[in-house]
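Hi,

Here is the structure I said I would pass on. Have a look at it first, and my notes follow underneath.

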Amino acid sequence: MTTHPLLAELTLRVRSEAHSGKEKACACGAAILADRPDATVVRHADTVAKAHAPDTTPADLAPRLATAARLPGILLPPLGETPVDLHGRLVTFWPYGEAVDPENPEAAPWEAAATLLAHLHRTPARPGLPPMRGPVKAAHAVARLLAATREGYALPVLRAWLTLPAWARGEAPMADTATLCHGDLHLGQLVRHPAPGGPWRLIDVDDLGVGEPAWDLARPAAWYACGLLPPEDWSRFLGAYRAAGGPAVPAGGDPWPALDVPARALTVQTAARAIVKAIEADRALDDVELAVVEACDRMGSTPPQLANGFAK
């Protein structure tokens, strides 16, 4: 990989932050945790630096950082609430946390994730917090798909997208403007802090905001509906969320009227991203990617359930 200026300077800055600005040599080493157009993340010792997406604004990031700082029992708190500017990108610093082991699915912290979400959803949102970005990210994935192709596997995905209400496509405001949401919940958004073995905490505040809390349950719900998440894991997740008083679904009975629309939206987003990645890599879709495309095909002929006025 070619080291671009942002990555090189980010590596220097996280080293300086980890050692309180001292310039003496160290043997800690550095690790690139992510290097994508929307995020570059570098670790040095127990400190992590993140360069946020190019379109991130201080006005949106500041209240998200402040929210994480005041909820250390739910969200991993930043090492400071004021980002720095590197090559036109906002950069924040965080303590290192131990990530979920992708090679040990039996140990996936479904109960911890659900409990943290329930507590987040029950926490009053700070004034000035922007909307949760989940629907906007789904719309961006579909826009990338449209730019790549409108043929083949893309057709059922686009049909499924058009069955969704405007709010789920990021084309209208969400009805809920008060509930605090994560916006992009998946197992990669949990770490143990302090590492190793500390309590689980949610990370990544880029999509944090107010909105429909069912969106935060939508990815595991979509995986379950597509046959990619075992029923027992879905039951663990849903049961823990309900036990912690989560407001996104009723306390008992069928949760699907509240979950169907966001789960469909996350299925479309996942399928759209999969197709674009396959096109860019000039490869066929794998079995998991085909499963979400096939789910979109089924969705296109069946209208989504609505929440029937369920008060979240």
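In the hairpin of β4 and β5, two residues sit between the strands, and His87 takes a positive phi near 50 degrees. Bear in mind that this is a predicted model. The two strands run antiparallel, with three bridges joining β4 (residues 84-86) to β5. One pairing to click on is Leu86, whose bridge partner in β5 is Arg89.

β5 also pairs with β3 (residues 47-51): five bridges join them, and they too run antiparallel. There, Ala51 stands opposite Val91 of β5.

So how many residues of β5 are buried? Seven of the seven in the strand (residues 89-95). In a regular strand, side chains alternate between the two faces of the sheet. Here, Arg89, Val91, Phe93 and Pro95 point one way from β5, while Leu90, Thr92 and Trp94 point the other way, and all of them are buried.

Now for the cavity. The count comes to one cavity of 30 Å³ or more, and the space in the largest cavity is about 70 Å³. What lines it? The residues are Gly134, Lys137, Gly183, Asp184, Leu185, Trp215, Asp216, Arg219, Leu266 and Gln269. Elements that give two or more residues to this lining are α4 (134-148), α6 (214-225) and α8 (256-281), and the largest share, three residues, comes from α6. In case you care about the chemistry, the lining splits into four charged, three polar and three nonpolar residues.

Cheers

How values were computed:
Residues are numbered from 1 along each chain as its sequence is written. This is a predicted model: local features need pLDDT of at least 70, side-chain atom pairs count only at pLDDT 80 or more; totals for chains, interfaces and linings use all residues. Side-chain values use heavy atoms; hydrogens and water are left out. On a 1 Å grid over the protein atoms alone, a cavity is a set of points where a 1.4 Å probe fits but cannot get out, and a pocket is an open set with protein on both sides within 12 Å along at least five of seven lines; lining residues have an atom within 4 Å of a point. Grid points are joined across faces, edges and corners, and a volume is the space filled by probe spheres set on the points. Helices (H or I, at least four residues) and strands (E, at least two) are DSSP runs, numbered from the N terminus. Ala, Val, Leu, Ile, Met, Phe, Trp, Tyr, Cys and Pro count as nonpolar, Asp, Glu, Lys and Arg as charged, and the others, Gly among them, as polar. Buried means under 20% relative accessible area, exposed over 50%, partly exposed in between (1.4 Å probe, protein chains only). Two strands pair if DSSP finds at least two bridges between them.
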